[in-house]
Amino acid sequence: MDYWEILTRQLSLVTKEEQEKFKNAKIAVIGCGGIGGQTIEMLARMGVGELVLVDEDSFDVSNLNRQTFATSDDIGQSKSDVAARKVKSINPNVKVTNFNERVDAANIEKIIDESNIVVDALDNIITRVITTRLAKEKSIPFIHGAIHGTLGQVTVFLSNTISYEEMFNLPSAGKDLSEKVIEDLNKLTSGVPPVIGPTPNLVGCLEAMEAFKIITGIGKVTVAPKILTFDLLDFSSFSVDEI
């Protein structure tokens, strides 16, 4: 299947040279669920060259309300395996590597090594901290996205911006990840958050577009401390603010 034929409609918005940059880009997406599934699909459809997909979980019935790669036939299957397979069915030109494992301090460097961008599609703070710390150290843009119910937020952390931990005043900022610090971070997450389908999918689309802007150089990137926020129950709430 011809790469450029897939992107016929898109090439009226970017030059071939700009699209070539995206064709040569390697993007790691940490999480293949609600946010991650939509991010991955959009990146594949926009013609990214290479994807690294990571998720330790398998699909279950409760994922069907929002996770675009989840179908009744996929229940019990590895999310990263399913995501990799569906990427190839959408755009066979994309090179895909997937890891069915939990991200931690021991494997994060292997996972994001040589990536041009790391996309946060995570559901826990500790893994975000581990990932964004290494991304900052390696000068890899870290695109953060998060949701709660109908609320969503997206921003981009660079090597020269405020850090994720500083921006959100986390107790780990400037500290080693000791047992006490990890315990303090765990206290910030309680229970399973509510979610409705459009929220994570919109965040995923926005994260994919931020990646496209970073790689191609078109448009304005939402760089921290600026953050794009919205509430799907109040469309007047769509805004870019500075924390």
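Trainee: Hi! Where is the place of Lys16, in which helix?

Mentor: Hi! In this predicted model, Lys16 belongs to helix H2, which covers residues 16-23.

Trainee: And is Lys16 partly exposed or buried?

Mentor: Lys16 counts as partly exposed, because its relative accessibility is 47%, and buried would mean under 20%.

Trainee: How far apart are Lys16 and Pro171 in space?

Mentor: Their C-alpha atoms are 45 Å apart, and 155 residues separate the two in sequence.

Trainee: New topic: which residues touch the most other members of the largest nonpolar core?

Mentor: Those are Ile27, Val29, Ile40, Leu43, Leu51 and Leu53, in a core of 38 residues. Several elements each supply at least two residues of this core, including strand E1 (26-30), helix H3 (34-45), strand E2 (50-54) and helix H9 (198-216).

Trainee: Is there a second core, and which residues does it include?

Mentor: A separate core of 27 residues has Val54, Val103, Leu122 and Leu185 among its members. In soluble globular proteins, nonpolar side chains tend to be buried together.

Trainee: Back to Ile40. Which residues is Ile40 in contact with, leaving aside neighbours within four places in sequence?

Mentor: Ile40 is in contact with Val29, Gly31, Cys32, Leu51, Leu53, Phe69, Ala83 and Val87.

Trainee: What about the surface: which residues form a nonpolar patch there?

Mentor: Val61, Leu64 and Ile75 do, with about 250 Å² of accessible area together.

Trainee: Where is Leu64 found?

Mentor: Leu64 sits in the loop between E2 and H4. Leu64 is partly exposed because its relative accessible area is 40%.

Methods:
Residues numbered from 1 in each chain as written. Predicted model: local features only at pLDDT ≥ 70, side-chain atom pairs only at ≥ 80, totals over all residues. Heavy atoms only, no water. Helix = DSSP H or I, 4+ residues; strand = E, 2+ residues; numbered from the N terminus. Buried < 20%, exposed > 50% of the residue type's maximum accessible area, 1.4 Å probe, protein only. Core = buried A, V, L, I, M, F, W, Y, C linked by side-chain atoms within 4.5 Å. Contact = heavy atoms within 4.5 Å. Patch = residues over 30% accessible without salt bridge, like charges linked within 9 Å, V, L, I, M, F, W, Y side chains within 5 Å. Areas by Shrake-Rupley, 256 points an atom, 1.4 Å probe, with all protein chains shown as cover. Salt bridge = Lys/Arg side-chain N within 4 Å of Asp/Glu carboxyl O.
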